[in-house]
There are 2 protein chains.
Amino acid sequence: MRAPRIDCLQYANWSEKIFRQMNAGAVDAVHVTIAYHENFREMTHNIAAWNRHFRRYRDLIVQGFSAADVEAAQQQKRTAIFYGLQTPAPIEDDIGLVEICHRLGVRFMQLTYNNQSLLAGGCYEPDDSGVSRFGRDVIAEMNRVGMVVDMSHSGERSTLQAIECSERPIAITHANPKWWHDCARNQTDTVIRALTESGGMLGFSLYAHHLNGGSHCGVDDFCQMVADAVSRYGCEQLGIGSDLCQDQPDEIVKWMRNGRWRVEEEDDAPAVFPQQPSWFEDNLGFDNIAAGLKKVGLNETEIAAIMGGNWLRFYRDSFAPQV
Amino acid sequence: MRAPRIDCLQYANWSEKIFRQMNAGAVDAVHVTIAYHENFREMTHNIAAWNRHFRRYRDLIVQGFSAADVEAAQQQKRTAIFYGLQTPAPIEDDIGLVEICHRLGVRFMQLTYNNQSLLAGGCYEPDDSGVSRFGRDVIAEMNRVGMVVDMSHSGERSTLQAIECSERPIAITHANPKWWHDCARNQTDTVIRALTESGGMLGFSLYAHHLNGGSHCGVDDFCQMVADAVSRYGCEQLGIGSDLCQDQPDEIVKWMRNGRWRVEEEDDAPAVFPQQPSWFEDNLGFDNIAAGLKKVGLNETEIAAIMGGNWLRFYRDSFAPQV
């Protein structure tokens with residue numbers, strides 16, 4: 001088996017073209033966002049849409065539930081699709097929905113998406129509440145059933161508390177270090193150390209707003225940042241979570257950002273997707289990253305770990321129920 | 001492996017006592033009703049309640065998804081619980097929910113419950129519409145994913161049409177022949193012949209309203225009816241679906257019968273559960289049936305087939321997706 005290639009966050013406007021690019025890019029598994037602000041019943045519409053994709057493009061994609069499904073997909077030259085939620089809206093106020101979502105294939109759930117949720121504080125809130133009472137019980141339930149706590153869009157206080165109170169390692173599936181590019185969504189050295197030292201995973205983002213220089217960020221700059229992170233945190237807890245939003249129309253940004261919580265006119269920044277860097281416009285871009293990591297001096301073992309081996313190990317340890 | 005014992009319909013007021021009786025009665029699998037008039041989101045509450053049962057009583061019960069789970073449960077001295085829906089209300093008007101319900105473990109769905117539904121005509125309707133346009137598409141989808149069409153509470157015309165248009169054998173999980181006891185819920189010889197000749201299964205009911213003599217029906221009378229059915233239809237397509245509603249309070253009959261479709265005051269018969277016959281009050285009663293079947297002259301092979309072997313074969317053929 002060649003080293004697996006895993007992207008631990010995409011939210012594209014899914015199409016045959018994109019699934020073919022996943023295959024052509026040798027991407028063995030992708031964690032895809034299936035809901036933002038949808039409630040549980042609304043989320044089922046998105047699952048039904050994915051079921052149609054799995055049926056129609058069965059030669060290209062297959063739903064993934066376990067690490068073994070990644071290895072099977074690689075052998076079949078298909079891409080395993082793992083579900084994730086970017087807000088906890090689909091579980092509503094009902095802890096019983098955690099296990100039901102897990103049964104449906106949800107393997108990652110963000111406790112917050114920018115805003116305060118029932119569970120924790122978001123990365124754009126002026127005051128981060130930390131993990132709430134309901135949040136602590138949901139983390140315990142996620143630990144029990146095998147759903148990964150994802151703090152990519154949470155505040156620092158909530159993130160540190162989630163790392164502390166989760167019995168199983170958590171993830172920040174798509175973000176970069178603040179020491180490379182300072183923005184609300186990128187992560188402090190304190191968080192990344194606590195995350196990686198507790199067995200958690202950081203997935204490096206390729207979304208322009210998270211990149212030094214934005215859309216004009218060079219692949220060498222990005223890869224040097226990865227190499228610097230390896231020096232700081234070791235190689236074992238790092239991977240890719242590209243945040244690729246390929247082919248999405250701009251109205252999707254409004255939904256992601258505003259949901260139903262804000263009167264649309266009050267939006268405070270242009271609701272448009274930024275241009276991707278030229279070396280990562282789609283799933284064919286992973287070769288550029290692998291080549292770039294080699295150029296900045298990482299060895300084959302390190303590159304294989306970052307391009308997917310670490311995520312595969314994490315999937316193996318994270319997705320089954322606690323015994 | 002001893003011959004499996006399977007009850008293909010119960011709707012009890014679930015408790016540790018009942019699960020212990022299932023074990024003591026050597027019942028290896030039970031098809032349990034998880035919803036009547038609940039919509040999809042309401043059904044998830046019932047699934048969450050079952051998840052709590054599976055967690056709390058893990059030494060007694062386990063969720064079943066496939067025939068192999070029945071065999072595993074028997075080896076572990078547990079009872080495998082398979083979900084079923086008595087009305088199609090949980091799939092609402094959304095065919096995408098069929099596959100999602102299957103993923104959650106639903107293995108049987110009645111197209112109607114007494115009344116006309118979006119899918120077909122019910123056994124109490126003055127005019128049976130037959131299978132509707134939506135009904136035909138839902139049957140095809142159930143065939144595809146591996147969910148059994150159950151026509152226990154449907155009209156004769158709808159039932160014959162469902163047998164005709166389903167690519168996979170269907171079931172009448174809990175009813176008796178009209179030639180033994182004539183009531184709206186029992187089945188005509190025409191239906192039972194069409195059912196069994198097409199590979200479908202009939203589960204004999206122990207609900208007093210379906211029994212000759214009601215609560216006073218004798219076990220010999222019941223078992224002679226089974227033996228007569230074996231003479232008419234052969235032994236291979238018959239099993240038990242007791243319709244046991246143990247320990248349910250009477251208000252549950254109102255919910256089953258009236259749901260939200262009728263002003264309660266208009267109910268036209270006493271909403272009470274009838275007394276079970278003395279020889280089948282709980283899961284310990286299966287021994288009485290097995291002994292009774294021997295007394296009326298069935299051989300060991302026939303008895304083993306009717307007490308569970310036939311259902312196990314049917315489960316093996318019915319629950320996996322079409323390839």
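Let us start inside chain B of this predicted model, where strand S1 (residues 6-10) runs parallel to strand S2 (residues 29-35), the two being joined by three bridges. You can find the matching residues yourself: B:Ile6 stands opposite B:Ala29 of S2(B), and B:Asp7 faces B:Val30 of S2(B). S1(B) is mostly covered, with five of its five residues buried. S2(B) is mostly covered too, with seven of its seven residues buried.

How does the chain get from one strand to the other? Helix H1 (residues 16-24) of chain B joins in here: S1(B), H1(B) and S2(B) make a β-α-β unit, and that unit is right-handed.

Now step across to the other neighbour of S2(B). With S4(B), S2(B) pairs in the parallel sense, this time over six bridges. One place to look is B:His31, whose bridge partner in S4(B) is B:Phe82. Keep B:Phe82 in mind, as we will come back to this residue shortly.

Next, the aromatic rings. A pair of such rings is described by how far apart the centres are and by the angle between the planes. Over all chains, the count comes to 41 aromatic pairs. Take A:Phe222 and A:Trp279: the ring centres are 5.6 Å apart and the planes meet at 45°, so this pair is tilted. The pair links distant parts of the chain, since A:Phe222 belongs to helix H8 (residues 219-233) of chain A, while A:Trp279 sits in the loop between helix H9 (251-258) and helix H10 (286-295) of chain A, 57 residues apart. Are these two residues buried or exposed? A:Phe222 is buried, with a relative accessible area of 0%. A:Trp279 has a relative accessibility of 9% and therefore counts as buried as well, the cut-off being under 20%.

Here B:Phe82 returns. The rings of B:Phe82 and B:Phe319 have centres 5.5 Å apart and planes at 40°, so this pair is tilted. B:Phe82 lies in strand S4 (residues 79-85) of chain B, and B:Phe319 in the segment after helix H11 (300-318) of chain B, so the pair ties together parts that are 237 residues apart in sequence. B:Phe82 is buried at 0% relative accessible area, and B:Phe319 counts as buried at 4%. B:Phe319 has a further partner: the charged end of B:Arg107 sits over the ring of B:Phe319, 5.9 Å from its centre.

Chain A offers an arrangement of this kind to look for, with A:Arg232 lying over the face of A:Trp179 at 4.1 Å from the ring centre. Rings can also gather in a group: A:Trp14, A:Phe19, A:Trp50, A:Phe54, A:Tyr57 and A:Tyr83 form one aromatic cluster.

Let us pause at H9(A). Which of its residues are buried? They are A:Ile252, A:Val253, A:Met256 and A:Asn258. In an α-helix there are 3.6 residues to a turn, so residues three or four places apart point the same way. Just after H9(A) comes A:Gly259, which takes a positive phi of about 45°.

Finally, zoom out to both chains. A rotation of 180°, with 0.0 Å of shift along its axis, superposes chain A on chain B with an RMSD of 0.0 Å. That is the relation of a two-fold axis. How do the copies meet? Of the interface residues of chain A, 100% are also interface residues in chain B, so the copies meet through the same surface.

Note on methods. Residues are numbered from 1 along each chain as its sequence is written. Chains are lettered from A and ligands numbered from 1 in the order in which they are written. This is a predicted model: local features need pLDDT of at least 70, side-chain atom pairs count only at pLDDT 80 or more; totals for chains, interfaces and linings use all residues. Side-chain values use heavy atoms; hydrogens and water are left out. Copies are superposed by least squares on the C-alpha atoms of residues with pLDDT of at least 70 in both. Contact means heavy atoms within 4.5 Å. Buried means under 20% relative accessible area, exposed over 50%, partly exposed in between (1.4 Å probe, protein chains only). Helices (H or I, at least four residues) and strands (E, at least two) are DSSP runs, numbered from the N terminus. Two strands pair if DSSP finds at least two bridges between them. A crossover is right-handed if, with the strands pointing away from the viewer, the path from the first strand over the helix to the second runs clockwise. Rings of Phe, Tyr and Trp (its six-membered ring) pair if their centres lie within 6.5 Å; planes under 30 degrees apart count as stacked, over 60 as edge-to-face and the rest as tilted. A charge sits over a ring if NZ of Lys or CZ of Arg is within 6 Å of the ring centre and within 35 degrees of the ring normal.
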